Amino acid sequence: MSTELDPSQRIIRPLTPLERFYTIRQSLDYYHNILSMVTYNHPLLASIPSSALIETLTPILTETITHLINSLPSLSIAITDIKSDEPKFVHVPEINLNQIIRFVWCQEKQDVEQVFEDEHDLVFDQEDTRKVLWRCVVLLWRSNGEMENFSNSASEIQTSTTDQSSQIGILFCYHHSIGDGQSSFVFHSELSSLLNTNFSNFSIKLQSKSQSPQKTLSKINTNFQQIAPPLEHFINLRPPFLKLIRLITPLFLIPEPIKNVFLPDYWGGDIHAMDVKKGLKTKVIIIKVEEEVLNEIYEKAKQNETTVHAVMNTAMVFGIYKHLLPKKVEDNSKSNVSNKKKMIRTSSPISFRKQSSPPIPVTNMGNYISEVVVDIPFTKIQTKGKKADNLFWNMARDWKKQCLQQVEGTKYKIWFLKLLGKKFGKWEKWVKERKHEKRGMGRDASGQISNLGRWIPRSDEESKKDIDKNSQMREDNWKIMDIIFSQSANVIGGAIQINAATYKDTLSLALTYQEGAIDSSKVELFSNAFLDALREIAQKGNINI
């Protein structure tokens, strides 16, 4: 590991408070990384023997990733002075692709979930000034169906060469300091565009390179470029004086014992964050929502004047209440001493990419997010009688309303980080203190919905232009099947996290949680109930708790 700068390295800029917050979380083993995976299908891959597939893909990835690195400056940076009072981003002039790209064979959905878990548990070396803060995994499989429907045995996968489609998954894992969730859209849009723009050349290489395959990835030189400006460049984050007082009062001026007595508590996992002895190990469950279900939910949400995001949040609340709480909560029962939780707290990242004027460019990798928090009292969930008949949609509309009301104030949360000053030790102390709180088992929320929304790759837009001009689709291109977004468990974040992304009419979900914080059998029930709730909403238009 090299903590000293090479003479050829240049400083880019200091980290913003938000970017620094993400480095502190990793240093304390509270949060690790983000990842997303796009599944591609290319017809020519089916003709390549499995034994030669990796060697055949290597030159394609080398050329494509090299272009990608030099077009996205955040892919060629590291951090220097990480434990100082002013850590900085620094340019990495040379990248060894062998160190950041690996290939994995997968046979079934559980193999993919295991790759996700392994990547989430592998932290970046944020102290090494010569190592970039991202990596890729190429997942290889052959199947007649989609990724989750593997039917071939391992031996068949290794020998089959024809009569079935060929898919690969390209997984992009990165440190939160260099990008938010939608930054993965930037990466994959550029990648898919490069693959499809050069598809004819690639088809020639697929045929010719199999004769004498390139066996190793190469070292590449990178160009020095400024990374995209931070959120502060686009939006004024400083709050008015009265809002500043309201913001800092509960954080600094109210002693913790008083908070624990007077502020309502909420469920935050089975075990307090301080008592989980295994460290941060992320568990992942991948769920696919059927096309017809998603389309029906869109229509039902529109009819009920709310959003798919709000529908998912309400389904999560119902699932937490029914399957994750320690025991069934009795209506207004004062005798329920073993369960003093009074609320379910939900959080959700919100993006400022479209909130600024002018909008933040869609090609920017960076952190342009804050967070909304909504509390749902048990008494509201326990509504009975006629009011219970429309409880789901009332809660979904209310959640949307509260989120919209909070948008303006959420940016001030980011500005608040400046109040911590620059001293390194003060930052660590502040983040550690959250883990010690009694409320919410030391966690910020019961559950978090992180929904990236619908992804429209640039390659899709380019294909549409080709149709408009030539009245036909390009052939032999890399066909995108879906995208899955995930993030590591968060020791002081939501006890359960639902990460969502949509491509065309495919909604993919990755449920993540810290191993040991919640009983895994309960999470399995919760994941099944969550999907069943979405299906029931689609089929019947309503659901009861």
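Me: Why is the sulfur of Cys136 not in a bond with the closest cysteine sulfur?

Reply: A disulfide is a covalent bond between the sulfur atoms of two cysteines. Here the term means a pair of cysteine sulfur atoms within 2.5 Å. The closest cysteine sulfur to that of Cys136 is in Cys173, 9.2 Å away, too far for a bond. This is a predicted model: local features need pLDDT of at least 70, side-chain atom pairs count only at pLDDT 80 or more, and totals for chains, interfaces and linings use all residues. Side-chain values use heavy atoms, without hydrogens and water, and residues are numbered from 1 along each chain as its sequence is written.

Me: How many disulfides does a search of the whole structure find?

Reply: The search finds 0.

Me: Is Cys136 buried or exposed?

Reply: Buried means under 20% relative accessible area, exposed over 50%, partly exposed in between (1.4 Å probe, protein chains only). Cys136 is buried at 4%. Cys106, at 2%, is also buried.

Me: Which residues of helix H13 are buried?

Reply: Helices are DSSP runs (H or I, at least four residues), and strands too (E, at least two), numbered from the N terminus. In H13, residues 424-436, the buried ones are Phe424, Trp427, Val431, Arg434 and Lys435. They lie on the same side of H13, because their arc around the axis is only 110° (directions from the helix axis to the C-beta atoms). Exposed Lys429 and His436 sit on the face turned away.

Me: What do the buried residues of H13 pack against?

Reply: They pack against helix H1 (17-27).

Me: Where is confidence lowest in the chain?

Reply: pLDDT is the predictor's confidence in each residue, from 0 to 100. Helix H4 (residues 154-159) is lowest, at a mean of 31. Strand S15 (residues 494-503) is highest, at 98.

Note on methods. Contact = heavy atoms within 4.5 Å.
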